[in-house]
Amino acid sequence: QEVFKHIALVAASDLPVLITGPTGSGKEVVARAIHRHSARHDKPLVTTNLAALAPGVIESELFGHAAGAFTGAAVARPGLFELADGGTIFLDEIGESPPEVQVKLLRTLETGEVTRVGEAIPRPVHVRVVAATNRDLTGMLGTGTFRVDLYHRLKVFPITMPSLAERLDDIDLLARHFLARQTVGQATAGMPLLTPEFLDALRRRPWPGNVR
């Protein structure tokens, strides 16, 4: 309920949001809810997982590139920020971004402009940034692996996702939800019942993957 209140409060604004929490706790679900309830809901929501991209291609993926900017760049290509223009970009696993990308992200947040790799002329973009991480960014600040200025630019409105172990009462609701989704259209007579003993067994599990 506290997370819902945060979503309702920040959705109407254009403030950058930083969502933190363990893997599988629903960070992307929150990002999508923020976009869906914002004034940008009819514009694109572009999502990317920075941990899934090779370090050498993150900059081109986010900011685009000019033709001939590097080997294999046969044609000019817009980046995800340009594709999200007018809408929202969700940067999952922001803690995985390399230093040179952090510099360009900071500049985009400060100026509202992006510069494609291989170009010198910036292009204006009007994008709402939502970022997420399961890493300890404050610890990374101390080691110099994450920029302090970028951290404060992203953490204008922080939302912390609790682990499933911190909200055991939700397990009953979640189990019934997933069971109902799996049995849509089936005869209710043969549906399994979630007994108190079964739900108690679920609550005793460690749930390292959280809701996922």
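Helix 3 passes helix 5 with a left-handed crossing in this predicted model. The axes of helix 3 and helix 5 (residues 99-111) come within 9 Å and cross at roughly 20°, and that angle makes helix 3 roughly parallel to helix 5. On the helix 3 side, the residues that do the meeting are I58, E59, L62 and F63, and across from them in helix 5 sit E100, V101, K104, L105 and T108.

F63, one of those helix 3 contact residues, also turns up in the aromatic pairing. A pair of aromatic rings is described by the distance of the centres and the angle of the planes. The count here comes to 1 aromatic pair. That pair is F63 with F81, and it is stacked, at 5.6 Å centre to centre with 5° between the planes. F63 belongs to helix 3 (residues 55-63) and F81 to helix 4 (residues 80-83), so the pair ties together parts that are 18 residues apart in sequence. As for surroundings, F63 is buried, at a relative accessible area of 0%, and F81 is buried too, at 1%.

Back toward the start of the chain, helix 1 (residues 2-11) packs on helix 2 (residues 27-36) at an angle of about 40°, with the axes 9 Å apart. Helix 1 and helix 2 are therefore oblique to each other, and the cut-off for roughly parallel is under 35 degrees. Helix 1 passes helix 2 in a right-handed crossing. The contact draws on V3, I7, V10 and A11 from helix 1, met by V30, A33 and I34 from helix 2.

The segment after helix 9 (196-203) is worth a look as well, starting with W207, which is found there. The charged end of R205 sits over the ring of W207, 5.9 Å from the ring's centre. W207 counts as partly exposed, at 25% relative accessibility. Then there is the backbone. Most residues other than glycine have a negative phi. W207, though not a glycine, has a positive phi of about 50°. N210, placed in the segment after helix 9, is another non-glycine residue with a positive phi, near 55°. Unlike the partly exposed W207, N210 is buried, with a relative accessible area of 6%.

Notes. Residues are numbered from 1 along each chain as its sequence is written. This is a predicted model: local features need pLDDT of at least 70, side-chain atom pairs count only at pLDDT 80 or more; totals for chains, interfaces and linings use all residues. Side-chain values use heavy atoms; hydrogens and water are left out. Rings of Phe, Tyr and Trp (its six-membered ring) pair if their centres lie within 6.5 Å; planes under 30 degrees apart count as stacked, over 60 as edge-to-face and the rest as tilted. Helices (H or I, at least four residues) and strands (E, at least two) are DSSP runs, numbered from the N terminus. Buried means under 20% relative accessible area, exposed over 50%, partly exposed in between (1.4 Å probe, protein chains only). A charge sits over a ring if NZ of Lys or CZ of Arg is within 6 Å of the ring centre and within 35 degrees of the ring normal. Axes are lines fitted to C-alpha atoms, for helices over the stretch in contact, and angles run from 0 to 180 degrees between N-to-C directions. Angles under 35 degrees count as roughly parallel, over 145 as roughly antiparallel, 65 to 115 as roughly perpendicular and the rest as oblique. A crossing is left-handed if the near helix is turned anticlockwise from the far one by less than a right angle, and right-handed if clockwise. Contact means heavy atoms within 4.5 Å.
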